[in-house]
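Student: I would like to know why each term is used for this entry. Please set each value beside its cut-off.

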Amino acid sequence: MTITVDGINKRFGKFQALNNVSLDIPEGKLTALLGPSGSGKTTLLRIIAGLESADSGRVSFSGKDVTKLHVRDRNIGFVFQHYALFRHMTVAQNIAFGLDSLPRKQRPSKAEIQKRVGELLEMIQLPHLANRFPAQLSGGQKQRVALARSIATRPKILLLDEPFGALDAKVRKDLRRWLRNLHDEFHFTSIFVTHDQEEALELSDQVVVMSQGNVEQVNEPTELYARPDSRFVFDFLGQVNVLSGEVKHSRLTQGSAWVTIPGIEHQGNVQLYLRPHEVRLATAPVAHANLPLRIEAVSLIGSEVRVELRPEGWESEGSDNIWEVGISHAEFNQQRPTRGDLRYAVPEVGHLFTGKDTQPVTVNWDEADLSPRIRLIN
Amino acid sequence: MNASQSSRHRRVGDSPVIKWLLIGIAVAVALALLIVPLLVIFVEALGAGWGTLADNLTDQYTLHAIGLTLFVAALTVPLNLVFGTALAWLVTRFRFPGRKLLITLIDIPFAVSPVVAGLLYLLLYGRNGWVGSWLADYDMQLMFSWPGIVMVTVFVTCPFVARELIPLMQQQGSEEEEAGVVLGASGWRIFRTITLPNIKWALIYGVVLTNARAVGEFGAVSVVSGNIRGQTNTLPLHVELLYQDYNIVGAFASASLLAGIAVFTLAVKGFVEWRQTRSLNRLQTEETAQ
């Protein structure tokens, strides 16, 4: 079932929660609504579910207008952030609730309901907890029960509101993987809301980035990360290092720092955005860049070594005035960078913003341009 | 805790003298103001023996007063049960302008003296009142008859159920009900299987308080009832009448009945509170046991 959202507006008093939002959610795909708090992502999800009504605009499922259709009749699965399990019902009763609520003609027999609940309990690997009450379960178990409950009536659409928000990191990772498998097995059209970029990029087929009631960009995770449309998406999707300054004769300068930008015709103020993995660290400046930085901190945890550096003689944009560069553990073992060392950032790929609302231009510094000096160092 | 520790960490009230002085005062006040008067009621009522007590209680007018009091309570409690639940549902599940004002307005019966409340009803619904004079044209009389007594009793007791439910329902939130409606349940099914079990004990507690107040209400009822013996006399009014007639034993006999109802109410209230904390504790220990 495809979901189409067309020109949705929603106000809460003076606050514009959604501003003329239109969106196509493809059938059978897992879509993430990603944005900071207050961006309207949960409101949009609740409007699609029918738990909230839009001030104007339309929602349709597979071309059928459901704007006026009551939540009860939309036949969707909805998973709440805080599980919303029925506290005085057992796990089995919780899961059976949707089936028990079906109109008499569609309702399966008692035995069938029991069988189906049993299957769902198997699926969430909690058959031994059938007669427990929600208060007796851990957070991860509660969320699995909530998922089983929401899909008991075999809905075609599954909506999840920050499904892993209240769980700790380890459980969250397991549940993410489990949800992905579940989705692939049942082929729902799913939408989940999250403010966690990593979760959105890892789990989804399509990411919708929202900010202040607007859709900023819709794309596949890999495309989105590689080619952000706007400064907001760039900033929001992970760490970014910014050099802002003036371009004169294809050289971007700010304080003691400069970078040559090949083939640029623009003159004046620009911002250069660099991801931590698009920068290398060298012990001396190279032909196309001179970005002196002093190491502030080195973090070894993870598959990559994260180095935090403070600009020396120039300033980075952003309040903390810190650059972050990721290097491999092999590089780390060779170079042994420590706090207080001076290093030079060497940009390999960058994204240049020349105007206020323009899309970025990707800049590649060709390997051939790099001076032989630097290759000897690395 | 040993002596050296307690002398180093001395707090207010730690000294045994102060401790026992405070306990003594509390016990003395409780005895003088609560327990002794309650005992006196039963002692006086039984002073002339069980036979006299039975005679006094089976007196024609006393029996009528008991009947009327129970009748009023039987009408008031369900009315306020429905009203209180609906109101609590309204102010905790919906957002609308004036919601905060409505929550404040619920407390008016607590803030206004019952006598003033009775007077207001008399002025509005009495034979010469705005509504009362219009009703009189249709030969309907509310004041100085049982409908008036029920009306003021409903007014005086209407905050109890709502006041018990609102904080609880606010704390529980509406997510469970939303989950229910997404799963296709009808409004009635949601109320019956999700909302009601969640608020059950608070609801019972509210009913117990409403009932206690409805049975014992004196001020507002005395203004609108007209104290007609055998017609509009409730039990609390009857006690006063008997006392003014110098029928001391009769007055105490009826009073002992009211006191008995009060003690019974306290016992039920205690039980409900115990059940509430027990189920809460059970949930908590189960959560920490995880």
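**Terms and values**

Tutor: Strands S4(A) and S5(A), the latter at residues 64-65, pair in the antiparallel sense over 2 bridges. This is a predicted model, in which local features need pLDDT of at least 70, side-chain atom pairs count only at pLDDT 80 or more, and totals for chains, interfaces and linings use all residues. Residues are numbered from 1 along each chain as its sequence is written, while chains are lettered from A and ligands numbered from 1 in the order in which they are written.

Student: Why are S4(A) and S5(A) said to pair?

Tutor: Pairing requires that DSSP find at least two bridges between the strands. S4(A) and S5(A) have 2 bridges, so they qualify. One residue of this pairing is Ser60(A), which stands opposite Asp65(A) in S5(A). The two strands form a hairpin with 2 residues between them, and Ser62(A) in the turn has a positive phi of about 50 degrees.

Student: What makes S5(A), at residues 64-65, a strand?

Tutor: Helices (H or I, at least four residues) and strands (E, at least two) are DSSP runs, numbered from the N terminus. S5(A) covers residues 64-65, so the run reaches the minimum for a strand. By this rule chain A has 10 helices and 22 strands, and chain B has 15 helices and 0 strands.

Student: How do you know that S1(A) pairs with S4(A)?

Tutor: S1(A), residues 3-12, and S4(A), residues 56-61, share 5 bridges in the antiparallel sense, so the pairing test is met. Asn9(A) has Ser56(A) in S4(A) as its bridge partner.

Student: Why are S15(A) and S19(A) called edge strands?

Tutor: An open sheet of 5 strands in chain A has the order S15-S20-S17-S18-S19, with antiparallel pairing. S15 (279-282) and S19 (323-327) each pair on one side only. Within this sheet, S17(A), residues 292-299, and S18(A), residues 305-311, pair over 6 bridges. Ile295(A) stands opposite Leu309(A) in S18(A).

Student: What makes a residue such as Leu235(B) buried?

Tutor: A residue is buried if 20 or more other C-beta atoms, placed from the backbone, lie within 10 Å of its own (exposed if 12 or fewer, partly exposed in between). Leu235(B) in helix H14 of chain B (residues 235-244) is classed as buried, as are Leu237(B), His238(B), Val239(B) and Leu242(B). Just after H14(B), Tyr246(B) takes a positive phi of about 60 degrees. Of the 378 residues of chain A, 40% count as buried; for the 290 residues in chain B the share is 33%.

Student: How do you know that chain A and chain B touch, and how many residues take part?

Tutor: Contact means that two C-beta atoms, placed from the backbone, lie within 7 Å. By that test 20 residues of chain A are in contact with 17 residues of chain B. Strand S6 (76-79) and helix H2 (91-100) of chain A each supply at least two residues of the side of chain A that touches chain B.

Student: What radius of gyration does chain B have beside a compact globule of 290 residues?

Tutor: The radius is taken over C-alpha atoms, and the globule rule is 2.2 Å times the number of residues to the power 0.38. For 290 residues the globule value is near 19 Å, but chain B has 24 Å. Its C-alpha trace spans about 70 × 60 × 35 Å along the principal axes.
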